[in-house]
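Work through the exercises below with the sequence and the coordinates at hand. Each task is followed by a solution in steps.

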Amino acid sequence: MALKLRPEMSSLWHDLGVNYFTQTKVVEKVMSKSVAMKSLQALRKAVTLDPSCHQHWTALGVVAASKELSDPGLAQHCFIRSIEAESNNVVAWTNLGTLYLVNNHVKLAHEAFKVAQSLEPSYQYSWIGQAFIAETVADREAMDLFRHTTELASSLESCIGYGHWVCKTLQNPSSMSTKWYQYAIDHLNAVTAAVDAMSKYTDCVSDNLVAWNMYAILLERKNLIRPALCALEKAMKLLEATGDDKSKGGGTSLAVCENYARLLCKNGKYEEAAKLYRTLGSEKKSFDVACGFGLASLKAGQVDASIHEYKEALGLSSNLTDRALVRVALGMAAFLTRDFNEAKTQFFQSLKDSPSTIDALKSLLGFAFLQRDRDLLLAVLQTLRKNVPATERPSDIVVLTAYVQLALRDVRGSMMELVKNIHLRPHLSDTWTQLSKFILLSRSDRHEIADHCSRVSAIAGDASHKLDALLCFGLASMPRLSSVNQEAFRIAQKAVHLRPDVLSSWSLLLSVAHLKNVSCILEEKPNSELLSFTCALAERILSQIETELRLGQTNKTSLQMLRKWSSRQFALSLFLANRLESAAKFLEQAAWFYDDDPVICGLSSTFAKDGSLGNLMKDKPSSHLYQIQLSQLMCGGPLSKARSCYRLWLKEFRLSGVTPMSQAVRSFVSKSLFQTHVQNGSEKELQELLALAKECKDEDVLQLFEGRQNSGST
């Protein structure tokens, strides 16, 4: 109707041509060429009416270059006429460059894109064209160019282009030690940026199998296993929709299935993974499929099937390093069947195939450690030092070596192993964390050094090691019952914000909150809000543990130990918050589950009518029970009995071993006992406490007496 009214208006013919060209994307293939011809005729009419309009020439060139018409000569003519009509025409220059690139005129394409870049440096598509040229000539600058295009704007070409180059670079392990890799991948956070780019691409194009596969690989690289599994599930649905045979299909379909099976295994779905691997290996089994099948079977508890698959993988291996790694896996499987001779043989054969294979050395070291074979331990340590230079040893090997030396009663040597590694490679945050853990476990009087090591690790470490560093940092800060303890509380909160899905971060927060409660009570400033928070936190942790146990998590023993500890903390928190009825009700249930735990039984007996705590201590004396009875006596019992109980408690306390935390508890109990005597006791009872402090060499009580005498004389 508009063309009937104004047939001389070129813009109407332009719009009609663009409309026809858009229809070619949605009509059937048979009709697309005829519709494209209508578009061409309409745009020719627009050019005839107004030959000075560059938009008409550009649109006509795009239609001529399309796959429906494929007339490169006409397209080139149109783009040149568009540039003549408007010299600063960045779109026409970019289209001309694309036309040259498609027709393999790389130099002409480069010149056209270069002009477009000079006209408008922020125009994304000219940069994408240069990236395609770099990709054509196999220049790794293509990756930098694609990265730059993702920073300018989001487009499908830039997103999948950058994702492709990041995946390609990650697949080449030989480039990992190069400066270019460290800059392009590590320094520029390439994997994170590529994950964002592929997320945008898959949101727009949901039927691209390769894109979903690349997206899953990048997510797996970031250790985001569940989202990666979801991405591959969508890829598997696309495979089912296309009807591809997974067992026979090569290339992309086989890669998707292998990746999916591997991620199922990583996510703990071992039986599903083994079932898929069995399908993949039904025709012609590859080395990767055999190894993956062996691992899935081993994790699923099918050890015999696992050994069979690993033996097949041994025959499919193409180099000595792969053979050595497969033999390590065979040794582990043999160890699970308690065939220790076979395990030892496989580990030694692995070292024979490849003496510098880290996994072989690590496995043999662990085997000797578990078998308590001193001669073998020394031999493996000697082999490790001979074949693997100190600067190339992974941090887990260094840590394992340190603990082996500790098992050989070489405490100084084990400490020096970690310290030497830190001097050689101070940038490795994991070693700093391990040294902090080692000091916390072995040297109760050096928590300041552990504090410093974990602080360095928390600052220098990446996200994967930061949680461990924060946990050590918090533990090292906890023994300081003072205002500095606020730092430990802040660190624990950071750990929870960093990994709210990990129970250890919540457990650290609960420990610090409980210690802060003790500190407030010691200063006679109890914080009711903090006490309520501690109770709620302990209850939350218990609830999460129960959920994970119901889901059948693999670390069942650790979860049960953590549940016992959390039950203690919950009961103590209720006790300190004066919620005695709730405490009694909880302890009645907990004591039935944990009848061998002195703290829970001791607190439970506090509420028992028959006062069975004394009988319990006769059967199972422990510092925990004496501490509970001492707390009861200080709350209203005879002070003479409190002093007697304190002497016994101190004896059991020293027998159970001194740690930074127990030292802080002992100091708190001593000060509480002194304050109770000052408030409720006579001068004679104070002197008896002084004599007891001298006898037991309790420096805290002696310092308090000294301070009291100084203030009295003043």
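**Exercise 1. Determine which residues of helix α4 are buried in this predicted model, and what they pack against.**

Solution. The model is predicted, and a residue counts as buried under 20% relative accessible area. By that cut-off, the buried residues of α4 are His 56, Trp 57, Thr 58, Ala 59, Leu 60, Gly 61, Val 63 and Ala 64. Next, find their surroundings: these buried residues pack against α2 (10-23), α3 (29-49), α5 (72-85) and α6 (90-102). Finally, check the helix length. Helix α4 covers residues 54-65, twelve in number, so at 1.5 Å a residue it should span 16 Å. Its end C-alpha atoms are 17 Å apart, which agrees.

**Exercise 2. Describe the protein chain as a whole: its helices and strands, its burial and its contacts.**

Solution. Start with secondary structure: the protein chain has 39 helices and zero strands. Then take burial, where 45% of the 714 residues count as buried. The exposed area of the protein chain is about 37,300 Å², and carbon and sulfur atoms supply 54% of it. Last, consider contacts between residues at least 6 apart in sequence; 54% of these join residues at least 24 apart.

**Exercise 3. Locate the largest nonpolar core and list the neighbours of Met 143.**

Solution. The largest nonpolar core contains 56 residues. Met 143, Val 166, Ile 185 and Leu 218 have the most contacts inside it. Take Met 143 and set aside residues up to four places away in sequence: it touches Tyr 162, Trp 165, Val 166, Thr 169, Trp 180, Ala 184, Ile 185 and Ala 190. A second core, separate from this one, has 27 residues, including Leu 503, Leu 509, Ile 545 and Leu 574.

**Exercise 4. Decide whether Arg 327 is buried or exposed, and identify its contacts.**

Solution. Arg 327 belongs to helix α19 (residues 320-336). Its relative accessibility is 13%, so Arg 327 counts as buried. Beyond its neighbours within four places in sequence, Arg 327 is in contact with Leu 314, Gln 346, Gln 349, Ser 350 and Asp 353.

**Exercise 5. Establish which side of helix α20 is buried.**

Solution. Helix α20 (residues 340-353) has 14 residues, and its first and last C-alpha atoms are 20 Å apart, close to the 20 Å expected at 1.5 Å a residue. Its buried residues are Ala 343, Gln 346, Phe 347, Ser 350, Leu 351 and Asp 353. They cover an arc of only 165° around the axis, and therefore lie on the same side of α20. On the other side, Asn 341 and Lys 352 are exposed. The cover over the buried residues of α20 includes α19 and α21 (358-371).

**Exercise 6. Compare the settings of three salt bridges: Glu 84 with Arg 81, Glu 220 with Arg 262, and Glu 546 with Arg 563.**

Solution. The structure holds seven salt bridges; take these three in turn.

- Glu 84 and Arg 81 have their closest N and O atoms 3.7 Å apart. Both lie in helix α5, three residues apart, about one turn of the helix. Glu 84 counts as exposed because its relative accessibility is 59%, whereas Arg 81, at 29%, is partly exposed.
- Glu 220 and Arg 262 have their closest N and O atoms 2.6 Å apart. Glu 220 lies in α13 (residues 209-221) and Arg 262 in α15 (residues 252-266), so the pair ties together parts 42 residues apart in sequence. Glu 220 is buried at 12% relative accessibility, and Arg 262 is partly exposed at 29%.
- Glu 546 and Arg 563 have their closest N and O atoms 3.0 Å apart. Glu 546 is in α30 (residues 528-550) and Arg 563 in α31 (residues 556-576), so far as sequence goes 17 residues apart. Glu 546 is partly exposed, with a relative accessible area of 30%.

One network remains to be noted: salt bridges that share partners join Glu 220, Arg 262 and Lys 266.

**Exercise 7. Find where Asn 189 and Asn 223 lie.**

Solution. Asn 189 is in the loop between α11 (179-187) and α12 (190-204). Although not a glycine, Asn 189 has a positive phi of about 50°. It is partly exposed at 48% relative accessibility. Asn 223 lies in the loop between α13 and α14 (225-242), and its phi, also positive, is near 65°. Asn 223 is exposed, with a relative accessible area of 58%.

Terms used
Residues are numbered from 1 along each chain as its sequence is written. This is a predicted model: local features need pLDDT of at least 70, side-chain atom pairs count only at pLDDT 80 or more; totals for chains, interfaces and linings use all residues. Side-chain values use heavy atoms; hydrogens and water are left out. Helices (H or I, at least four residues) and strands (E, at least two) are DSSP runs, numbered from the N terminus. The expected span of a helix is 1.5 Å times one less than its number of residues. Buried means under 20% relative accessible area, exposed over 50%, partly exposed in between (1.4 Å probe, protein chains only). Contact means heavy atoms within 4.5 Å. A nonpolar core is a set of buried Ala, Val, Leu, Ile, Met, Phe, Trp, Tyr and Cys residues joined through side-chain atoms within 4.5 Å. Accessible areas come from the Shrake-Rupley method with a 1.4 Å probe; for residues, only the protein chains shown count as cover. The arc is that of the directions from the helix axis to the C-beta atoms. A salt bridge is a side-chain nitrogen of Lys or Arg within 4 Å of a carboxyl oxygen of Asp or Glu.
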